[in-house]
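Okay, thanks everyone, let's get going. I'll put the structure up and then talk you through it.

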Amino acid sequence: MTEIIAGFLSGIIGAMGLGGGAVLLIYLALFKNTNQLTAQGINLLFFIPIAMLSVIIYAFKKQIKWKTVLFFSISGLVGAALGVWLSSVIGAEFIAKIFGGLLIGAGLWQIISVFKKKNKD
């Protein structure tokens, strides 16, 4: 039952553009005791069908610049290959700490930006 709830929340939050993968990662790491690299891999697999659907929708709307897609796809593949190599060098525990720090930093940035926006208004 918890799998259904986690998947449902991830899907809803992801559909709103808020990063539903974070819910999935937290669920896998805390409730299923999945190691960090496996949880991130599962999160990426969860992302693929959603990304494919988005590409189809935006392609029909002619809102995709294919040259830009090609550039970022190649850059992403190179970055992914370097990331795999780097993860094997520095280890999963350190990567988990980096990832956690990035999540905390992104959350703080969002909170601060909300307060800055309110002060401008």
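I'll start with the overall fold and then go through a few residues.

So, first thing to keep in mind: this is a predicted model. On secondary structure, we've got five helices and zero strands. Reading from the N terminus, the order is simply α-α-α-α-α. The radius of gyration is 17 Å, and the globule rule gives 14 Å for 121 residues, so the protein is more spread out than a compact globule. If you'd rather think in box dimensions, the C-alpha trace spans about 45 × 40 × 35 Å along its principal axes.

How much of the protein is buried? Buried residues come to 12% of the 121. As for contacts, take those with a separation of 6 or more: 32% of them are between residues 24 or more positions apart.

Okay, surface. The accessible surface is about 9800 Å², and carbon and sulfur atoms hold 75% of that. There's also a nonpolar patch on the surface, about 700 Å², made by W85, L86, V89, I90, F94, I98 and L102. Which elements give two or more residues to that patch? Those would be α4, running 66–90, and α5, running 92–120. Of the elements, α4 gives the most, with four residues. One member to click on is F94, which sits in helix α5. F94 has a relative accessible area of 46%, so we call it partly exposed.

Now over to the loop between α2 and α3. That's where you'll find N33, and its phi is near 50°, a positive value in a residue other than glycine. For context, most residues other than glycine have a negative phi. N33 is exposed, at 68% relative accessible area.

T34 is in that loop too, between α2 (20–31) and α3 (36–60). Is T34 buried or exposed? Its relative accessible area is 17%, and the cut-off for buried is under 20%, so T34 counts as buried. Leaving out residues up to four places away in sequence, T34 touches L28, A29 and A39.

Last stop, the loop between α3 and α4, where K62 is found. Here's another positive phi in a residue other than glycine: K62 has a value near 55°. And K62 is exposed, with a relative accessible area of 75%.

That's my tour, so over to you for questions.

Definitions and conventions: Residues numbered from 1 in each chain as written. Predicted model: local features only at pLDDT ≥ 70, side-chain atom pairs only at ≥ 80, totals over all residues. Heavy atoms only, no water. Buried < 20%, exposed > 50% of the residue type's maximum accessible area, 1.4 Å probe, protein only. Contact = heavy atoms within 4.5 Å. Rg over C-alpha atoms; globule rule 2.2 N^0.38 Å. Areas by Shrake-Rupley, 256 points an atom, 1.4 Å probe, with all protein chains shown as cover. Patch = residues over 30% accessible without salt bridge, like charges linked within 9 Å, V, L, I, M, F, W, Y side chains within 5 Å. Salt bridge = Lys/Arg side-chain N within 4 Å of Asp/Glu carboxyl O.
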